[in-house]
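Reader: Please take a close look at one helix pair in this model. Keep it brisk, and set the pair in the context of the chain.

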Amino acid sequence: MSTAHQSRFRLRGAATRIRKVVAAAAIGAVTAGTLVATAGTASAQTSLGDAAAATGRYFGVAVAEGRLGEQDYTATLNREFNSITAENSWKWESLQPARGYFDFSAADRIANHAQQQGMELRGHTLVWHSQLPGWVQNIGSADELRSVMYDHITTVMEHYKGQVRSWDVVNEAFEDGSSGARRNSVFQRVIGDSWIEEAFRIAREVDPDATLCYNDYNTDAWNTAKTQAVYNMVADFVSRGVPIDCVGFQAHFNSGNPVPENYHITLQNFADLGVEVQITELDIAGWGDSQAEQFGGVTLACLAVPQCTGITVWGVTDKYSWRAEDTPLLFDGNYNPKQAYYAVLDTLLNAGGGDGGDGGNGNASCTVTYTETQRWGDRFNGEVTVRAGDQPISGWSTTVTVQSPQKISATWNGNASWDSSGNVMTMRSTGGLPAGGQTTFGFTVMTNGNWAAPTLGSCVAS
Ligand code: G3I
């Protein structure tokens, strides 16, 4: 048996083990946190890129330019992925280490590799507070910093014009924690709030065909201050015509920052603003079943959102991950696919079918409307009507958000779960609906003095 055959044999065993520990599930009828690979027929002949392409999406990877000479690294990259992000070589400190001195040598090796392999490129990243050379950090004049930002964006985007599908125009501009504030970067301090939209306007001018993204981490759970702050910025940009096309969700997960239960709701809410969403730097600390389930869940969350156009994992192999000790990737240090790999592949294959796929039943749609049905001295009942679009749907979910100190004390006709604040209830269907069909679910809100009506999230159909 050749090494390749031996390895395929091991992989099929791994896939079987996964299937033993996971429950079969329909797309969208489970949460990202609990989702697992369905009982599909993962083929060792099929790559992540091909399986994603069958759903109309890309499956990408961050590439460390210095590893391209390693045979197994490049073989795995070429076999499995159809999109590349440069892990470090396209960052400001690499491309323009001194003012006016641009060095595209390492960056071009990545671009050339993508071109030779027929892969897409994601551009990461034009303006970021980190990996930013000292000469930029020390600028104190707004006009000078604007001019430097203009030169950098223009020179880099011109260099790769026509080659890059999506650009992370601005990266990580918001603080972590509960403030929802802008990060205290040199751009924020010296130029002020307008710096982000200025960067997007420059980028649109240089390459009108590229998809322009705002990219950040810890924006996965819907109800956090950071997610809300980014959402509000994007909503504001869209309403004022600031050129933004996409939001990138880095998706670096670990036990302290797990995959949120209602991840697809976050993605869908952003997409409902009229932007594309992309999962741009996915890695999940862990191993075995738990890691596999979470990777499957993130994949499913993307598939549940028609505007989620692709997933990029942040590295080829655990051994070169920026957090190697967490073993957060799909291939181990010997380039063996892990259980997580099979969870992703099975999930993609199950969605794509053999017919070119529709992005996880991407034609399916539903709407939700709310009415208050009864009121007492201390509480009221609400009812939500869910209507399927012109295609039958196998499942649906939506969120109901109440305002503290309100509490939902009872629910009926659906499977309810709550986020950690207790204010956001995700309600999932117990069955499907025919085309144009409708159903209702209900709940009781204890007002505790607050009579505000709850707000509904989008309806996500599967
Ligand atoms: O190449 C030098 C090497 O010559 C030197 O000997 C060594 C000593 O420290 O450093 C090497 O550079 C390191 C570089 O990675 C390449 O390995 C830098 O120190 C190190 O800071 C850099 O880390 C990168 C990190 O961004 C910097 O913030 C990681 O590789 C990269 O994965 C990570 O990627 C970021 C995304 O761009 C944005 N989102 C978060 C993500 C993870 O942190």
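Author: Here is the helix pair, followed by the chain and the ligand shell. The model is predicted: local features need pLDDT of at least 70, side-chain atom pairs count only at pLDDT 80 or more, and totals for chains, interfaces and linings use all residues. Residues are numbered from 1 along each chain as its sequence is written.

Take helix α11 (residues 263-271) and helix α12 (residues 288-303): their axes come within 8 Å and cross at roughly 30°. Axes here are lines fitted to C-alpha atoms, for helices over the stretch in contact, with angles running from 0 to 180 degrees between N-to-C directions. The crossing angle therefore makes α11 roughly parallel to α12, a term for angles under 35 degrees. The crossing is right-handed, that is, the near helix is turned clockwise from the far one by less than a right angle.

From α11, Tyr263, His264 and Leu267 meet Val298, Ala301 and Cys302 of α12. Contact requires C-beta atoms, placed from the backbone, within 7 Å. By class, this contact has five nonpolar residues, one polar and no charged. Tyr and Cys count as nonpolar in this scheme.

Now the chain. It has 13 helices and 18 strands; these are DSSP runs, helices (H or I) of at least four residues and strands (E) of at least two. Of its 462 residues, 49% count as buried, with 20 or more other C-beta atoms within 10 Å of their own.

Last, the ligand. Among the residues surrounding the ligand are Glu87, Tyr217, Glu281 and Trp322, each with its C-beta atom within 6 Å. The shell divides into two nonpolar, four polar and two charged residues.

Definitions and conventions:
Parallel < 35°, antiparallel > 145°, perpendicular 65-115°, else oblique. Contact = placed C-beta atoms within 7 Å. Buried ≥ 20, exposed ≤ 12 C-beta atoms within 10 Å, placed from the backbone.
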